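Here is a friendly walk through one protein chain, with a look at how some of its parts meet. Please keep the sequence and the 3D view open as you read.

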Amino acid sequence: MGNEGQRTAGAKVGTGTLDAERENGHDANRDPLTGEPGAHPVGTGVGAATGGTVGAVIGGAVGGPVGMMIGAAVGGLTGGFAGKEIAESINPTEEDAYWRENYASRPYAAQSQSYEDLQAAYRYGWESRSRYPDQTWDQVENDLERDWERAKGNSRLSWHEAKHATRDAWQRIDRRLSQGTSESPALSVVYSHEDYRPAYWYGWEAAQKHGGRRWVDVESDLERGWDRAKGSSRLPWREAESPVREAWNQAVALQTRPKAAPLAVDLRELHDPETGRLDAARVADYLKLPLKQLSEALGRNYSTVHRTPTAPAIQETLRSIKRSLEILGEVLGDRASVLAWWNSPHPDLGRKTPMQVLLEGRAQVIEDMLEAALEGIPS
């Protein structure tokens, strides 16, 4: 169900163009294989893949009353951002130049081989290091072998022939990250997913709170509020700003995109048969909630909702709740599991239950979280 990001390929550039750029004091940092310009091409297409598609974490039985859990969007985002952080320390132009100069001294390089014979393998190694930021070579070697045929491009090397160069490039990045060199200082702090998680949720929820406003209009307010919102995160604002803004942008994109096709789950029992509108009393009954509590979540007086449970003013929030129920029903299959999910503490909601978040009047947060998982956002 996920949406695959598309990358526009840049045209190849001749040596004369590269020389002209350097002479003018500009370094386009072009990809050594494609000639594509960009600050750090390693981070643009590979780093984000590390978090995986969020839709993949939907489902999976969990014993006991917890029922089944669904991972929030930040599950994928934090993994992707960790990959991006490593990728930002990799300059592919420098890596390519290093291996071009040194490949011949490596024991696996045959005398008859040119650098171009091994170039794709080296590239695969340094790019893969940012794809798997939290894993060792031994942990990912089988995955790299499996994916080599797809990644090798025009290379004629088998995995057996490419493996040593790939590992060499991987381990060079490892050494630079852990020790630092004059070329690339080591990262002074390695932040964990738990450090990034509050930043992503801060951005995600800010997009709901400030719906319709531009990032530039709220950035200063968000910076001032970060120390209060960050909890146990170690990120200073200068480090948190990027994931906060990334989550903001994705939440805004999700809000403005057309809804996915209707799911197979039939929840017509939530509608009033005469008007066709959603009925707050029926929704409360489905969730096993007192109508008074649901009325508070809708921001309405109980007596008003009790008297007109299908009022137009509450339809938008009721539609949001229904959409969440549809997604959960599609994935979890039965009402008991759906209700178990609503009433189980969720790690990505600060250990609150989704029901608690709903009753705080934030139904949209739950819907967006589930829509993102269903759509494979972020990807």
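## Aromatic pairs

In this predicted model, the count of aromatic pairs comes to twelve. One of them joins Y124 and W148, whose ring centres are 5.3 Å apart. The planes of Y124 and W148 stand at 50° to each other, and the pair is classed as tilted.

Where do Y124 and W148 sit in the chain? Y124 belongs to helix α5, residues 115-131, whereas W148 belongs to helix α6, residues 137-151. With their positions 24 residues apart in sequence, Y124 and W148 link distant parts of the chain.

## Helices α4 and α5

Helix α5 also packs against helix α4, which covers residues 92-102. The axes of α4 and α5 lie 10 Å apart, at an angle of about 135°, and that angle makes α4 oblique to α5. The crossing of α4 past α5 is right-handed.

If you would like to find this contact in the viewer, look on the α4 side for P92, E95, D96, W99 and R100. Their partners on α5 are Y115, E116, Q119, Y122 and W126. Sorted by class, the residues of the contact between α4 and α5 are five nonpolar, one polar and four charged.

## Helices α11 and α14

Further along the chain, helix α11 (residues 280-287) packs with α14 at an angle of about 35°, and their axes are 11 Å apart. Which hand does this crossing have, left or right? α11 passes α14 in a left-handed crossing.

From α11, the contact draws on A280, V283, Y286 and L287, and from α14 on L318, I321 and L325. What classes do these residues fall into? Seven are nonpolar, with no polar and no charged residues in the contact of α11 with α14.

## Helices α14 and α15

Helix α14, residues 315-332, has another partner in helix α15, residues 335-342. Their axes come within 9 Å and cross at roughly 120°, so α14 and α15 are oblique to each other. This crossing is right-handed.

On α14, the residues involved are S324, L325, L328, G329 and L332. These meet S337, V338, W341 and W342 on α15. The contact of α14 with α15 holds six nonpolar and three polar residues, and no charged ones. L325 appears here and also in the contact of α14 with α11.

## Confidence in the model

How confident is the prediction for the chain? The mean pLDDT is 73, and 66% of the residues reach 70 or more. Over residues 1-78 the pLDDT is below 50, and this stretch has 157 contacts in the model beyond near neighbours in sequence. Residues 181-188 also have a pLDDT below 50, with 15 such contacts. Where pLDDT is low, the predicted coordinates should not be read in detail.

Definitions and conventions
Residues are numbered from 1 along each chain as its sequence is written. This is a predicted model: local features need pLDDT of at least 70, side-chain atom pairs count only at pLDDT 80 or more; totals for chains, interfaces and linings use all residues. Side-chain values use heavy atoms; hydrogens and water are left out. pLDDT is the predictor's confidence in each residue, from 0 to 100. Contact means heavy atoms within 4.5 Å. Axes are lines fitted to C-alpha atoms, for helices over the stretch in contact, and angles run from 0 to 180 degrees between N-to-C directions. Helices (H or I, at least four residues) and strands (E, at least two) are DSSP runs, numbered from the N terminus. Angles under 35 degrees count as roughly parallel, over 145 as roughly antiparallel, 65 to 115 as roughly perpendicular and the rest as oblique. A crossing is left-handed if the near helix is turned anticlockwise from the far one by less than a right angle, and right-handed if clockwise. Ala, Val, Leu, Ile, Met, Phe, Trp, Tyr, Cys and Pro count as nonpolar, Asp, Glu, Lys and Arg as charged, and the others, Gly among them, as polar. Rings of Phe, Tyr and Trp (its six-membered ring) pair if their centres lie within 6.5 Å; planes under 30 degrees apart count as stacked, over 60 as edge-to-face and the rest as tilted.
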